[in-house]
Amino acid sequence: MSLVYGICSDAHLHNWSAFSRVDKNGLNSRLGHILDQIQVAAHDLRAAGGRTLYITGDLFHVRGSVSPTVFNPTIDLFARLTTDLGLNIRVLAGNHDLESRDSSALGNACESLRTISGIEVISTPMLFEDDHVVMVPWYDRLDDVRRHIDACLTDLNAKGEAPNAWTLMIHAPVNGVLTGLPDHGFNAAELARYGFKRVFSGHYHNHKRFEGEVYSVGATTHQTWNDIGTRAGYLLVSDTDVVFRTSSAPRFMDLDIRWDEQEARAQCRGHYVRARLGEATEEEISHLRDQLKTWGALGSLVQAIPLPRSAVMQRRSPVSSAPTLRESIRGWVEENSTHGDALVALCNDILSEAEAIDP
């Protein structure tokens with residue numbers, strides 16, 4: 001089985017703040033994890049005999065601005081991959097790479113990568129004869145994406161090429177990739193009806209295969225608590241098969257209370273772990289944080305409704321402090337809702353998520 005190419009997507013290169021540190025060279029540790037994973041994909045690709053790595057959008061994270069401490073390590077990595085490994089890298093524009101709502105060369109941060117020999121940046125729809133790949137970058141309206149796909153099919157027809165010998169790569173939402181997200185993207189069946197051999201889409205952070213050889217590539221690594229339970233990694237694509245390789249970078253995950261200590265150690269080590277306690281004292285919260293650290297978690301978030309150390313201490317206190325936001329929420333719910341603890345728990349979960357989100 002001869003390998004054709006590799007695919008990464010949604011790297012979101014960024015100086016992530018949550019659980020990160022800066023090494024002696026000034027490199028953000030979480031940015032380093034993502035760059036390392038792209039390098040792993042590149043070496044895996046070369047070991048299997050492939051020479052082209054496709055990135056299906058959102059190489060960078062912050063729209064309209066790329067920090068030098070993000071861009072320079074990226075340049076260094078891509079230069080090594082093209083020079084030392086002899087790779088060709090093709091980078092499709094995703095929505096996070098763009099300053100505007102639709103793709104253009106002028107507003108695409110990835111265009112700066114063109115200074116490296118072996119890098120091609122796709123800011124407008126393009127056809128690549130060598131791998132029989134059609135690439136369509138991000139457009140804010142699905143009808144615009146459809147229009148560009150139709151134009152590419154017209155070009156193929158003019159060349160006498162059958163679509164079923166070509167693969168389509170896009171950066172666009174595909175329904176059914178993320179659980180609980182309302183449908184507002186392409187249906188996989190619609191993408192399959194175009195008649196391409198395969199369709200690969202970036203944008204949603206979960207790898208999934210649909211009928212008709214339609215794939216959500218998935219993000220290169222986990223990036224936030226929203227990625228819990230999703231499949232991150234990269235793809236190796238041959239003429240006959242598509243192989244998903246799971247990311248070895250740290251994951252965001254939930255603590256399962258059913259785990260015994262041995263399994264908890266195995267599951268938590270090297271990852272970012274969220275635990276939900278409900279009501280708990282500060283001592284209980286602190287103890288669980290220490291336990292997660294002992295189990296090897298790289299970082300932790302303990303979501304709980306703090307309780308006073310004891311009712312006795314509370315009664316002895318002659319001064320009542322101003323209520324916290326969480327206490328205010330509980331008070332309002334008790335006065336205005338019949339849903340009680342369930343609604344309070346939901347509000348506190350939302351507040352904890354907001355406190356943990358990276359910009």
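Is C8 buried or exposed? The exercises below take up this point and others.

This is a predicted model, in which local features need pLDDT of at least 70 and side-chain atom pairs count only at pLDDT 80 or more, while totals for chains, interfaces and linings use all residues. Residues are numbered from 1 along each chain as its sequence is written, and side-chain values use heavy atoms, with hydrogens and water left out.

**Exercise 1. Cysteines**

Task: decide how C8 and C152 are placed and whether they take part in disulfides.

Solution. Start with the terms. Buried means under 20% relative accessible area, exposed means over 50%, and partly exposed lies in between, for a 1.4 Å probe and protein chains only. C8 has 2% relative accessibility, so C8 counts as buried. C152 is buried too, because its relative accessible area is 4%.

Next, a disulfide is a pair of cysteine sulfur atoms within 2.5 Å. By this rule the count of disulfides is zero. For C8, the nearest cysteine sulfur belongs to C110 and is 13 Å away. For C152, the nearest cysteine sulfur is also that of C110, at 19 Å.

**Exercise 2. Salt bridges**

Task: describe the partners and the setting of the salt bridges formed by D131, E190 and E213.

Solution. A salt bridge is a side-chain nitrogen of Lys or Arg within 4 Å of a carboxyl oxygen of Asp or Glu. The structure holds 17 of them. Helices (H or I, at least four residues) and strands (E, at least two) are DSSP runs, numbered from the N terminus.

Step one: D131 pairs with R90, and their closest N and O atoms are 3.7 Å apart. D131 lies in the loop between β5 (126-128) and β6 (133-136) and R90 lies in strand β3 (residues 88-92), so the pair ties together parts that are 41 residues apart in sequence. Both D131 and R90 are buried.

Step two: E190 pairs with R146, with 2.6 Å between the closest N and O atoms. This pair links distant parts of the chain, since E190 is in helix α4 (residues 188-193) and R146 is in helix α3 (residues 142-158), 44 residues apart. E190 counts as buried because its relative accessibility is 17%, whereas R146, at 22%, counts as partly exposed.

Step three: E213 forms a salt bridge with R209, the closest N and O atoms being 2.6 Å apart. E213 is partly exposed at 24% relative accessibility, and R209 is partly exposed with a relative accessible area of 46%. Elsewhere, salt bridges that share partners join R141, D143, D144, R146, R147 and E190 into one network.

**Exercise 3. Positive phi**

Task: locate H12 and H132 and state the phi of each.

Solution. Most residues other than glycine have a negative phi. H12, which is not a glycine, has a positive phi near 50 degrees. H12 is found in the loop between β1 (3-8) and α1 (29-47), and at 3% relative accessibility it counts as buried.

H132 likewise has a positive phi, of about 55 degrees, although it is not a glycine. H132 sits in the loop between β5 and β6. At 25% relative accessibility, H132 counts as partly exposed.

**Exercise 4. The annotated domain**

Task: state which residues UniProt lists for the domain and describe that stretch.

Solution. The unreviewed UniProt entry lists residues 6-206 for "domain: Calcineurin-like phosphoesterase". UniProt positions are given in the numbering used here, feature names are shortened, and annotations may be inferred rather than shown by experiment. Over residues 6-206, the chain is 29% helix and 16% strand, with the end C-alpha atoms 17 Å apart.
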